[in-house]
Amino acid sequence: MAVLTMAKALNDGLRKAMEADPRVLVMGEDVGKLGGVFRITDGLQKDFGEQRVLDTPLSESGIIGTAVGLAIRGFRPVCEIQFDGFVFPGYDQIVSQLAKVHFRSQGKVPMPVVVRIPFGGGIGAVEHHSESPESLFAHVAGLKVVACSNPSDAYWMIQQAIATDDPVIFFEPKRRYWEKAEVEPDATPPPLLRSRVLREGTDVTVATYGPLVRTCLDASVAAAADGTSLEVIDLRALSPLDLAPVYDSVRRTGRLVVVSEAPSESSVTAEVAARVQQDCFHSLEAPVLRVTGFDTPYPPSKCEDDYLPDLDRVLDAVDRSKAW
Amino acid sequence: MSVSDRPQAWNPADPRSRPNREQVLAGLRGTDAGGPELVQLLTPEGERVSDPRFDAYADDVDVEALTSLYRDMVLVRRADREGNALQRQGQLGIWVPLLGQEAAQIGAGRALLPTDMVFPSYREHGVAWCRGIDPTDLLGIFRGTDHGSWDPLEKRFHLYTIVIGNQCLNATGYAMGQRFEGRVGNGDGAPEGSPDEATMCFFGDGATSQGDVHEGFVWAAAYDAPVVFYCQNNQWAISVPLSRQTRVPLHERARGYGFPGVRVDGNDVIACLAVSRWALEECRSGNGPVLIEAFTYRMDAHTTSDDPSRYRLADELELWKLKDPIERVRVNLVREHGVGQEFFDGVAAEADELAARLREFCLAMPEPAPDRMFSEVYAEPSPLVEAQREEFLAYHASFADEPLAGSGVGAEGEV
């Protein structure tokens with residue numbers, strides 16, 4: 001048992017994956033000598049060499065496009081995109097090649113590539129450094145999309161993603177990189193594409209992922225003090241969604257609030273709401289409510305506290321759900 | 001246009017340094033002049049000529065080898081024409097003609113070793129032929145029954161890439177892998193059964209405006225990747241002439257990335273073979289990457305949906321017909337090697353047999369199973385896709401008197 005930051009847990013997970021399989025490569029901008037701008041790959045190049053930890057040219061389409069070629073050759077590349085807002089030069093390669101080569105080849109060419117993306121706001125950054133583009137990937141057939149929320153999941157999920165024979169877009173909540181928690185290296189982790197009930201409750205179900213899991217857990221503590229029992233579910237897998245635990249919970253509580261930093265329209269939260277109303281129609285006591293970022297570009301950082309869902313907005317939605 | 005033909009660098013103080021109207025208009029017309037840097041070993045008139053830089057790479061092209069290259073080109077042209085006809089007759093949704101580019105593709109394709117890897121665009125039917133992919137294997141893409149039917153790893157010929165330029169990065173990544181695995185630069189010391197390898201990447205003049213081609217060049221240079229970038233400059237990107245893509249001859253761009261670029265007569269199969277052999281050997285021995293600009297001409301439309309009469313002059317095609325890649329080989333075989341008519345008749349008959357086989361195969365192609373689309377979306381089972389497959393099959397099974405062809409739905413004991 002060790003107490004680790006999420007950054008260190010990811011670093012340890014990457015190291016274990018690289019030790020386990022010599023075909024695993026880490027590639028991205030500044031991931032070698034510098035250890036990445038968030039230090040997630042710290043020390044890996046020193047230990048595994050420049051041919052397994054590649055300081056690449058500054059070119060996101062190049063990172064994804066060459067990773068596709070390396071995967072065709074039999075490697076298992078783990079790509080780092082430096083910030084969420086910088087992934088779009090690589091989006092063409094992700095959508096047109098990475099997501100489709102397996103289908104196009106009728107299963108003859110797997111694409112075991114992981115694309116790590118630090119995402120979300122709350123760090124006071126300039127434009128393009130605080131976005132939540134996960135829905136743009138969840139919408140693409142052929143990709144798997146996951147988000148970790150705590151050090152233990154980060155440690156296991158990165159290893160599971162690397163071991164997956166499909167492309168995985170791996171979202172890391174950058175504002176949670178330095179929060180610490182226990183990681184048990186001898187534990188048996190749950191499968192990668194499973195959601196998890198993190199706190200059991202009876203009044204309202206709250207489903208969320210990534211950086212707002214912590215926020216929703218805090219909200220559940222505050223709600224409990226007011227006599228409201230929240231069940232908090234960490235979705236973890238955004239595509240494909242694992243909604244069985246959500247359905248099970250909503251059938252008991254009758255109420256659901258879905259929480260995410262991303263804008264609401266055509267989003268992961270929209271998909272959750274649509275599926276829950278379809279599968280739990282007769283159990284619902286109130287409409288599914290969503291607490292999200294607004295449908296605006298991510299604002300200047302002095303406005304981000306108003307943009308990002310926080311504990312109070314989550315509790316406000318809980319109250320509205322209960323009062324329906 | 002060669003370097004010396006080009007207007008000198010614009011000098012703001014000298015209005016005469018700007019291109020005049022005639023020069024601008026000339027740029028809007030296709031050109032058939034490859035310029036003095038063009039590598040040529042067989043002239044359009046069928047005369048074998050020398051190029052001291054590349055003669056050594058075509059020394060072995062004797063009459064036997066040349067008749068073989070001739071046969072390749074005639075067969076792929078015939079298959080191409082049959083594909084075009086099948087589209088016109090409604091059997092294919094679209095066809096992408098290679099007419100005019102046979103030498104560029106066969107020359108490159110026959111320079112490859114079985115252990116090399118190829119990343120094609122979508123017009124490389126001639127290269128596919130050289131990789132042992134039967135023309136019938138191409139039909140599914142254009143008939144809409146699959147996105148490519150061959151095994152890219154077994155054939156060492158990746159599936160056709162339709163998004164322009166994407167494959168330049170995929171090829172570069174693959175070549176980086178060849179280098180990481182130590183399959184480059186071993187020379188005679190290469191282990192038995194695993195010789196040095198190279199990758200060849202095909203794209204067109206239009207693709208050179210894409211960021212992925214630029215990035216492919218940057219990455220290949222940064223990692224000394226053993227990749228030959230093989231640009232078939234066929235002068236036209238659908239309706240847009242080369243002058244809209246570039247100010248400099250494309251092969252000159254290589255210099256800016258720090259590797260050699262060569263312009264070869266793309267209608268000269270011997271020169272394409274020789275230059276490709278040289279370039280592949282450079283890559284296998286660790287001196288990659290290399291850019292080849294095969295200077296050729298798209299003698300037919302971009303695809304069967306295109307109408308070149310809207311944007312280019314008919315006399316341009318007539319000029320290029322004089323440089324036909326197959327005719328010059330025929331003339332050479334007759335004049336310099338005394339090859340008789342029976343050989344040419346034999347190849348023509350073989351070509352007709354191939355065309356007939358292609359047609360027969362096309363007409364007999366089965367429809368894909370309706371639930372084909374749910375297969376192989378992922379390597380690992382997807383609950384979402386499998387649930388949709390079940391819903392789809394149940395929906396069709398609800399039409400009890402109209403079983404779904406090919407899926408097993410409605411057939412007793414299946415589903």
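**A helix contact between chains, and a sheet in chain B**

1. H3(A) and H8(B) are roughly perpendicular to each other (a label for angles of 65 to 115 degrees). Helix H3 covers residues 60-73 of chain A and helix H8 residues 211-222 of chain B; their axes cross at roughly 75 degrees and come within 9 Å. The axes are lines fitted to C-alpha atoms over the stretch in contact, with angles from 0 to 180 degrees between N-to-C directions. Helices here are DSSP runs of H or I with at least four residues, and strands are E runs of at least two.

2. A word on the model: it is predicted, so local features need pLDDT of at least 70 and side-chain atom pairs 80 or more, while totals for chains, interfaces and linings use all residues. Residues count from 1 along each chain, as its sequence is written, and chains are lettered from A in the order written.

3. Which residues of H3(A) meet H8(B)? They are A:Ser61, A:Gly62, A:Gly65 and A:Thr66, and their partners include B:Asp212 and B:Trp219 (contact puts C-beta atoms, placed from the backbone, within 7 Å).

4. Now to chain B, where five strands make an open sheet, ordered E1-E2-E3-E7-E6 with parallel pairing (strands pair if DSSP finds at least two bridges between them). At the edges are strand E1 (117-119) and strand E6 (261-265), each pairing on one side only.

5. E6(B) pairs with strand E7 (residues 290-295) of chain B over five bridges, in the parallel sense. B:Gly261 has B:Leu291 in E7(B) as its bridge partner.

Conventions:
Parallel < 35°, antiparallel > 145°, perpendicular 65-115°, else oblique. Contact = placed C-beta atoms within 7 Å.
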